[in-house]
Amino acid sequence: MAHSYNRWKPCRPLSWPCKVYIRHREEHRRMIWSLHCASKYTFKMLGQTGALRTDLAQNHFATTSRSVTVQQWQDDFKQFSNWTNLNQLLAQSACFETYIASILKLVFDSDPGLIVGASHHIDGVRQLKLGTNIDNKITDMHLTNCTKGTWQSRISAITSLFGHTFNSLSNYCGDLEKLREIRNNVGHAFGRSINLSQNYGSPTMQPMTRVSERTVTKYFKIINEIVRELDLYLMLNHVGNFQEFHYLHNKFASLALPNESVFKSDLTAHAQEVYSLQFCKWVITYYKNLEKIQSFKRSVIKDLKRN
């Protein structure tokens, strides 16, 4: 059965940056679950051994302090759990922003004409093979506009860049802005308000922002929904099969191009999913034909100059 492949129609639904994001997300979930299980087990054992709140903690488990009571340990543990939740939000925010930066770089390399309003008019695979790139100052400007500042300004930049409104970004703009504030507070003020923490007129330590496990779960769902919508649209409209061409170029550009069997084995191992032999043959053939097209153009230009 004949297979038809298209440079701009992806043979896989997810980008590799999206796959990385998903793996980070699952890692975070496992860490949260491990702490949750350890907490439940510890409190269960304290109950079974008849521990009293006034007991010294060292009578029930190892501790470096000889004066801490079970009640004090419990209060500290709750504070630590809250601190962990705050850092989970920081990690979620960081992973999300890393995904956005990564997918935008992929889009710019795949569809460089997008930046000047000429999407698909310049094939990023050809530019890759020729070694020509867009001015980094231009792409860096777009990256900054889409990943820095308030979420209102970021969403505006993303919408303007693609000429498309992403519903999930618009719907959760307020939530994302709250997440940005929490991230900044965790990163710069130990989970407290930055402005209040920088008040030099008081020796009082500000209370830490409280975040529940439910809030952490809520942001997992919000970010996942946004990433899914972004990835689907960008893969279908601007990336296509560029990732596979990029891998072929980086792996074999300085060597003789492999046959489809070798490329299939290497690509499958790298991407951690199985590709068909027909697809790998098409990628190699498409990449080779770009050289023929370029040689033909050079030949035409020389003939024109002679005449």
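This briefing walks through a handful of residues worth finding in the structure above. Keep in mind that the model is predicted. We'll look at a buried acid in a loop, then at aromatic rings, of which the structure holds 17 pairs. After that come two arginines sitting over rings, a tyrosine in helix α12, and two loop residues with positive phi.

**A buried acid: Asp-55**

- To find Asp-55, go to the loop that links α1 (16-48) with α2 (70-110).
- Asp-55 is buried but has no salt bridge. The nearest side chain of opposite charge belongs to Arg-53, and that is 11 Å away.
- What does the side chain of Asp-55 reach at 2.9 Å? It's the backbone nitrogen of Leu-52.
- Leaving aside residues up to four places away in sequence, Asp-55 touches Gly-50, His-60, Val-68, Thr-69 and Val-70.

**Aromatic rings**

- Of the 17 aromatic pairs in the structure, one is made by Phe-43 and Trp-73, with ring centres 5.4 Å apart and 50° between the planes, which makes it a tilted pair.
- Phe-43 belongs to helix α1 and Trp-73 to helix α2, so this pair ties together parts that lie 30 residues apart in sequence.
- How do the two partners compare with the 20% cut-off for being buried? Phe-43 is partly exposed, at 31% relative accessibility, while Trp-73 is buried because its value of 19% falls under 20%.
- Trp-282 and Tyr-286 make another tilted pair, with centres 5.6 Å apart and planes at 50°.
- Both of these residues are in helix α12 (residues 277-306), and because they're four residues apart there, about one helical turn separates them.
- Trp-282 is buried at 17% relative accessibility, whereas Tyr-286 is partly exposed at 21%.
- Trp-282 and Tyr-286 also belong to one aromatic cluster, together with Tyr-5, Phe-245, Tyr-275 and Phe-279.

**Arginines over rings**

- Tyr-275, one of the members of that cluster, has the charged end of Arg-12 sitting over its ring, 4.4 Å from the ring centre.
- A second case involves Arg-154, whose charged end sits over the ring of Trp-151 at 4.5 Å from the centre.

**Tyr-286 and its surroundings**

- Which side chain joins that of Tyr-286 in a polar contact of 2.5 Å? The partner is Asp-123.
- Asp-123 is also among the residues that Tyr-286 touches, along with Arg-7, Val-125 and Phe-245, again not counting residues up to four places away in sequence.
- Phe-245 turns up in the aromatic cluster too, so look for it in both places.
- Arg-126 is 160 residues from Tyr-286 in sequence, yet the two C-alpha atoms are 9.9 Å apart in space.

**Two loop residues with positive phi**

- His-120 has a phi near 75°, a positive value in a residue other than glycine.
- You'll find His-120 in the loop between α2 and α3 (124-130), where it counts as partly exposed at 34% relative accessibility.
- Gln-272 isn't a glycine either, and its phi is positive at about 60°.
- Gln-272 is placed in the loop between α11 (260-271) and α12.
- Is Gln-272 buried or exposed? It counts as exposed, at 57% relative accessibility.

Methods: Residues are numbered from 1 along each chain as its sequence is written. This is a predicted model: local features need pLDDT of at least 70, side-chain atom pairs count only at pLDDT 80 or more; totals for chains, interfaces and linings use all residues. Side-chain values use heavy atoms; hydrogens and water are left out. Buried means under 20% relative accessible area, exposed over 50%, partly exposed in between (1.4 Å probe, protein chains only). Lys and Arg count as positive and Asp and Glu as negative; His and the chain ends are not counted. A salt bridge is a side-chain nitrogen of Lys or Arg within 4 Å of a carboxyl oxygen of Asp or Glu. A polar contact is a pair of N or O atoms within 3.5 Å; within protein, one must be able to donate a hydrogen and the other to accept it, and residues adjacent in sequence count only if both atoms are side-chain atoms. Contact means heavy atoms within 4.5 Å. Rings of Phe, Tyr and Trp (its six-membered ring) pair if their centres lie within 6.5 Å; planes under 30 degrees apart count as stacked, over 60 as edge-to-face and the rest as tilted. A charge sits over a ring if NZ of Lys or CZ of Arg is within 6 Å of the ring centre and within 35 degrees of the ring normal.
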